[in-house]
Amino acid sequence: MLLLAPLTALLAVAFGAPALMLASYTQIFMVSLGGFVIAYFPLFLLGAVFGRLMEASGAAHIIAQGIAAALGERRAMLAVVLACAVLTYGGVSLFVVAFAVYPIAQALFRRADIPRRLMPATIALGAFTFTMTALPGTPAIQNAIPMPYFGTTPFAAPGLGLIAAAVMLMLGLWWLHWRSAQARARGEGFATGEEAQLPADGSAPAAKTTTPSRLELFNALLPVAVVIALNYLLSVHVLPGLDTRYLAEARFGATSIEALRGIWAVLAALTAAICLLVALWWSRLPQLRQLLDEGASASALPLLNTASQVGYGAVIASLAGFTLIRDAVLNIYPDNPLISMSIAINVLAGITGSASGGMSIALQTLGSTWLQMGEAAGLSPQLLHRVTAVATGGLDTLPHNGAVITLLGICRLTHRQSYLDIAMVAIVPAVAALAVIVALGSLFGSF
């Protein structure tokens, strides 16, 4: 992405105005890339550090074990989905979640005799869908990116967010249980069928699931709870009540607390959770300096990949031909920007294979226009925020998505074996949930 984004952007410029290639790179691509880094680097940094510490301390694994032990092997798929959901809703990176939950999922699936090929879809439902885009308050970057554009908080349109989450969860679980029942009727289980064969690399069997003590589970869940609770208190109650008139000064960007409170709340919540996590699990973090360094380093590539996609979008938006694309998108249903938003963001997320990248390009090029159209149509910014976030979680989960490729690698399965089920729990329910909240939002507004 770091190579292809600027090259393809400059190729597009070369077709129309080759003399502007260098200016487009230094004055448009790099400026937009830098703007994204300035706005969101702290979120990527703190999120990656928090996830690394949750992994290294064993807290993520303990949460997954606790949920799996509470629900048991009869509800193996639900246990895996909820374990992933709790961790990702608490701010743990979906990549960390996949690594932490996989061995527990493998043990549960083996004991419940569920085909291994359904494991990636089960993890994806809990980590890639409703906790990433729909649940109000999630610190996921997909829920944070719309905030500066619409002046909203992570808890925008909570009622619609909960409805969208319920649609995704119910449809996804229905599909997983239906596929499991189909496999059972054919006599296919964990250790049967081509899809279930372990690779010939001597891979060790999955670890046994154990029940953590109440104190361990409490200490593991507390930092996650702090992220959610502090995020809400700061964004809704504390920050809006502070005297922040100084933000109108030029040295602070001539902005307001309405544009910043969402990001400030997430930053403060993650920082507090990291400090608490270190205090609670100090004995399990002997190499703290190294872990902090690893977490910080892990944030750089995802940040720059997404920022490069934003720079690409800015260059494309500067071309004369983009006017045709923009007008086509905005004229899909001019009286209701929710529909054009939903289509444009889904398409861009699918093309880039990235929810955050597709959303960023769409908002960079059309965000202010959609906000104006929404105000003219009487639609609240909170509604625009939630529709944007949910829309980005639809077509992003196409086969070339980085998270899909990583998840299949962790589970040691292929696209041919497991991608259909991933698509059916991550794309179809997300698109259905989007249609539901667009309809409800158009009829009843934000709630």
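In this predicted model, the lining of the largest pocket comprises, by class, 20 nonpolar, 19 polar and three charged residues. The pocket that these residues enclose has a volume of about 1100 Å³, and 42 residues line it, with F44, S93, L94, F95 and P302 lying nearest its centre. Several helices take part in this lining, and at least two residues each are supplied by α2 (21-57), α5 (94-112), α7 (130-133), α8 (141-144), α13 (288-318), α16 (355-376) and α18 (402-411). Among the contributors to the largest pocket, α13 gives the most, with eight residues of the lining.

The second largest pocket has a volume of about 520 Å³. It is lined by 20 residues, and those closest to its centre are Y312, L348, I351, T352 and I361. Two or more residues of this lining come from each of α1 (4-16), α13, α14 (322-330), α15 (337-352) and α16, and the element that gives the most is α15, with six residues. When the lining of the second largest pocket is sorted by class, 15 residues are nonpolar and five are polar, while no charged residues are found there; in the lining of the largest pocket, by contrast, three charged residues are present. Helix α13 supplies at least two residues to the largest pocket and two or more to the second largest pocket, and the same statement holds for α16 in the largest pocket and in the second largest pocket.

Besides these open pockets, the model contains one cavity of 30 Å³ or more, and about 30 Å³ of space lies in this largest cavity. Its lining is made up of A64, A68, A79, V80, A83, V101, I104, A105 and L108, to which α3 (59-71), α4 (76-89) and α5 each give two or more residues. The greatest share of the cavity lining comes from α5, with four residues. By class, the lining of the largest cavity has nine nonpolar residues, with no polar and no charged ones. Helix α5 thus appears in the lining of the largest cavity as well as in that of the largest pocket.

On the surface, a nonpolar patch is formed by Y232, L233, V236, V238 and L242, which together have about 390 Å² of accessible area. Of these residues, L233 is found in helix α11 (residues 214-238), and L233 counts as partly exposed because its relative accessible area is 42%.

The count of salt bridges in the model comes to 10. One of them joins the side chains of R186 and E188, with an N to O distance of 3.0 Å. The two partners differ in their surroundings, since R186 is exposed, with a relative accessible area of 53%, whereas E188 is buried, with a relative accessible area of 12%. Both residues also belong to a network of salt bridges in which R117, R179, R186, E188 and D421 are linked. A further salt bridge is made by the side chains of D243 and R245 (2.9 Å, N to O), and in this pair both residues are exposed. In another, the side chains of E249 and R251 meet at 2.7 Å, N to O; here E249 counts as partly exposed because its relative accessibility is 33%, while R251 is exposed, with a relative accessible area of 67%.

Two alanines stand out in their backbone geometry. Most residues other than glycine have a negative phi, yet A157, which is not a glycine, has a positive phi of about 45°, and A254 likewise has a positive phi, near 50°. Each of these alanines is placed in a loop, A157 in the one between α9 (146-150) and α10 (158-185) and A254 in the one between α11 and α12 (257-280). Their accessibilities lie in opposite classes, because A157 is buried at a relative accessible area of 3%, whereas A254 is exposed at 55%.

Finally, R412 is located in the loop between α18 and α19 (415-426). This arginine is partly exposed, with a relative accessible area of 26%, and its C-alpha atom is separated by 9.6 Å from that of R116, although R412 and R116 are 296 residues apart along the chain.

Note on methods. Residues are numbered from 1 along each chain as its sequence is written. This is a predicted model: local features need pLDDT of at least 70, side-chain atom pairs count only at pLDDT 80 or more; totals for chains, interfaces and linings use all residues. Side-chain values use heavy atoms; hydrogens and water are left out. Patches are made of residues with over 30% relative accessible area and no salt bridge: like charges are joined within 9 Å, nonpolar side chains (Val, Leu, Ile, Met, Phe, Trp, Tyr) within 5 Å. Accessible areas come from the Shrake-Rupley method with a 1.4 Å probe; for residues, only the protein chains shown count as cover. A salt bridge is a side-chain nitrogen of Lys or Arg within 4 Å of a carboxyl oxygen of Asp or Glu. Buried means under 20% relative accessible area, exposed over 50%, partly exposed in between (1.4 Å probe, protein chains only). On a 1 Å grid over the protein atoms alone, a cavity is a set of points where a 1.4 Å probe fits but cannot get out, and a pocket is an open set with protein on both sides within 12 Å along at least five of seven lines; lining residues have an atom within 4 Å of a point. Grid points are joined across faces, edges and corners, and a volume is the space filled by probe spheres set on the points. Ala, Val, Leu, Ile, Met, Phe, Trp, Tyr, Cys and Pro count as nonpolar, Asp, Glu, Lys and Arg as charged, and the others, Gly among them, as polar.
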